[in-house]
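Open the model in your viewer and keep the selection panel at hand. We will go from one chain to the other and then to the places where parts of them meet.

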Amino acid sequence: MDTGTIIIGLTIFVLACFAGAELIAKVPPTLHTPLMSGSNAISGIAILGALLATGHPESFNSISVIGFLAVILATINVVGGYLVTHRMLQMFKK
Amino acid sequence: MSQHIINLIYLLAATLFMVGIKYLSSPDTAKKGNFLSMIGMAAAIGATLAAPEINGFTLIIGGIFIGTVIGAYAAIKVKMTAMPEMVGLLNGCGGAASALVALAEFHGNSTGFVPFTLLTLLLSLIIGGLTFTGSLMAYAKLQGLIPTRPVTYPGQQIINGLIVLATVALSWLVFQDSTNILTIAGVLVLSLGLGVLAVIPIGGADMPVIICLLNSYSGLAVSMTGFALSNNALIITGSLVGASGIFLTKIMCDAMNRSLANVLFSAFGKVDESATATGEIPAQTMKGGEVEDVATILANAQSLIIVPGYGMAAAQAQHATRELADYLGEHGIEVRYAIHPVAGRMPGHMNVLLAEADVPYEQLFAMDDINDDFAATDVVLVIGANDVVNPAAKTNPASPIYGMPVLDVEKARTVIVLKRSLNVGFAGIDNELFSMDNTMMLFGDARSSLQKILATLKK
């Protein structure tokens, strides 16, 4: 990884932090629990790394086992997070 | 699929996540936002599966299948009152996934990394590991599987400090030789231990803060993985989650007038009850009421503010609360709800429970929006809340909760407090509200008390 890539990555990180803070400050307190479970679901994006680790090796080995566990856990995070958020949001009525 | 196209799809996914959070700014659009976010996730996963590096699909499909079954089952079965536990467990899964991805990266590389990649991989491993065990401990505390009171022992912070130092030292060894799986495993084990030891000295009622903080950590771990894999989708998403967790942590701390350091290290709530709850307020001075008295007061009121607390969740009393509120509303009484930011066991916990019971969200008011209205209100009904309505936070500089913003319920003409028993609240202190002239206590299970009040009113 060259220095340019690192700097671009850091730039994205800093800008995304500010964008995130702005967006989140506008979420009303009444939706703070769905905000938590929803942001939890998207943190399951770690599944991308898990998929690459699992599908990458030429053959079955200890790396694919670690990746397999990571896929399971990240999927629980994604599916559970989105579904439970949906369940909650469905209940909010005028 | 070429890497450029994949990266563009990742950008689309990150955009959809942000739009999803933007739509959370109103309950009307929130559901749509969640759908957009799901589409973003599906697109990112699809694009990754189409990447040229993926050779085998058996384990991937198996893993996704198992994870979907477990995640969906948990999400459908979980009770709304148990949402803090659920979020804690999901957090733990996310942290563990990040740590495992880092471990797989270390394990799969025999040539070493550039220092920056190595640093981010280590951080991903450490933060992911401690998020995993920390979340499990938070879950266990919320479920009452382990003592909810702060667990402390002599030299605790020194021991924790030594573990941090040992983690740094082992990480240094990994920098020297990143192919030695033993030192890497050592770092992981230490970070797992750190997660346990950091959470046990924190009291059960401070778990909302911890869950928010761990949420932020799980995001940070994802960002670190993103740096290591040069994956912008992970960097952006991780920082969004990190920012959201930190934001909610700050809201929680501000609402208790405590610093994050105080929450993490002071073992708040450790003070044993006999020492602080001096019994200065003898039970005799309290006005115990009967169901009939409460019903009469409510029937003669014109305005009512309901203040729910953790006790409402514990007694599963949200539906009974709404039924009583509906009846009073039909009889011309103005009913509103006042929600303290730290009522319950996570931010917005009370709002979700009341939404579950079909309370329209327009009736729910945040503390700052309703605090001035108590003085002009006939009756306040406190359901299982204690510290958040304790006037000592305003009047008694010696009180541990002095300075914490609280609901000014005592300014109302009459305050009715539904309480399980005379036990002190989380802060372990007396609540002088309970013995004030305009307060009436109704002891017992909140749900059955509410049902009895409603039955009496209907007679």
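## First stop: chain B

Select chain B, whose secondary structure comes to 18 helices and six strands; helices (H or I, at least four residues) and strands (E, at least two) are DSSP runs, numbered from the N terminus. This is a predicted model, in which local features need pLDDT of at least 70 and side-chain atom pairs count only at pLDDT 80 or more, while totals for chains, interfaces and linings use all residues. Residues are numbered from 1 along each chain as its sequence is written, and chains are lettered from A and ligands numbered from 1 in the order in which they are written.

Turn chain B along its principal axes: the C-alpha trace spans about 80 × 50 × 35 Å. Its radius of gyration is 25 Å, which agrees with the value near 23 Å that a compact globule of 459 residues would have. That radius is taken over C-alpha atoms, and the globule rule is 2.2 Å times the number of residues to the power 0.38.

Now colour by burial. Of the 459 residues of chain B, 54% count as buried. A residue is buried if 20 or more other C-beta atoms lie within 10 Å of its own, exposed if 12 or fewer, and partly exposed in between, with C-beta atoms placed from the backbone.

## Second stop: two domains

Select residues 78-265 and then 287-458 of chain B, which are domain 1 and domain 2; such bounds come from an automatic or database domain assignment. Over C-alpha atoms, the centres of these two domains of chain B are separated by 36 Å. Where they meet, 18 residues of domain 1 of chain B are in contact with 15 residues of domain 2 of chain B. Contact here asks for C-beta atoms, placed from the backbone, within 7 Å.

Stay on the side of domain 1 of chain B that touches domain 2 of chain B. The elements giving two or more residues to this side are α4 (83-108), α8 (207-229) and α9 (232-256) of chain B. The largest share, five residues, comes from α9(B). By class, this side has 15 nonpolar, three polar and no charged residues. For the classes, Ala, Val, Leu, Ile, Met, Phe, Trp, Tyr, Cys and Pro count as nonpolar, Asp, Glu, Lys and Arg as charged, and the others, Gly among them, as polar.

## Third stop: strand β1 of chain B

Pick residues 303-308 of chain B. Strand β1(B) is mostly covered, with five of its six residues buried. It runs parallel to strand β2 (residues 334-339) of chain B, and four bridges join them; two strands pair if DSSP finds at least two bridges between them. Label Ile306(B) and you will find Tyr337(B) opposite, in β2(B). β1(B) is also joined by five bridges to strand β4 (residues 379-383) of chain B, again in parallel. Which residue of β4(B) is the bridge partner of Val307(B)? It is Val382(B).

Just along the chain, select Asn371(B), in the loop between α16 (367-370) and β4 of chain B. Asn371(B) counts as partly exposed because it has 18 C-beta neighbours inside 10 Å. Beyond four places away in sequence, Asn371(B) touches Leu407(B) and Asp408(B).

## Fourth stop: chain A

Switch to chain A, which has four helices and zero strands. Its radius of gyration is 18 Å, well over the 12 Å that the globule rule gives for 94 residues, so chain A is more spread out than a compact globule. The C-alpha trace of chain A spans about 55 × 35 × 10 Å along its principal axes. Of the 94 residues of chain A, 61% count as buried.

## Last stop: where the chains meet

Show both chains. Here 96 residues of chain B are in contact with 77 residues of chain A. On the chain B side, α4(B) gives the largest share, 16 residues. The residues on that side divide into 58 nonpolar, 32 polar and six charged.

Finish with the largest nonpolar core, a set of 191 residues. Such a core consists of buried Ala, Val, Leu, Ile, Met, Phe, Trp, Tyr and Cys residues joined through C-beta atoms within 7 Å. Ile47(A), Ala70(A), Ala97(B), Val307(B) and Val382(B) touch the most other members. Helix α4 (residues 62-91) of chain A gives the most to this core, with 16 residues. Domain 1 (78-265) and domain 2 (287-458) of chain B both give residues to this core, so it lies between them. Centre on Ala70(A): its contacts beyond four places away in sequence include Ala50(A), Ala53(A), Ala97(B) and Leu100(B).

Conventions: Two residues are in contact if their C-beta atoms, placed from the backbone, lie within 7 Å.
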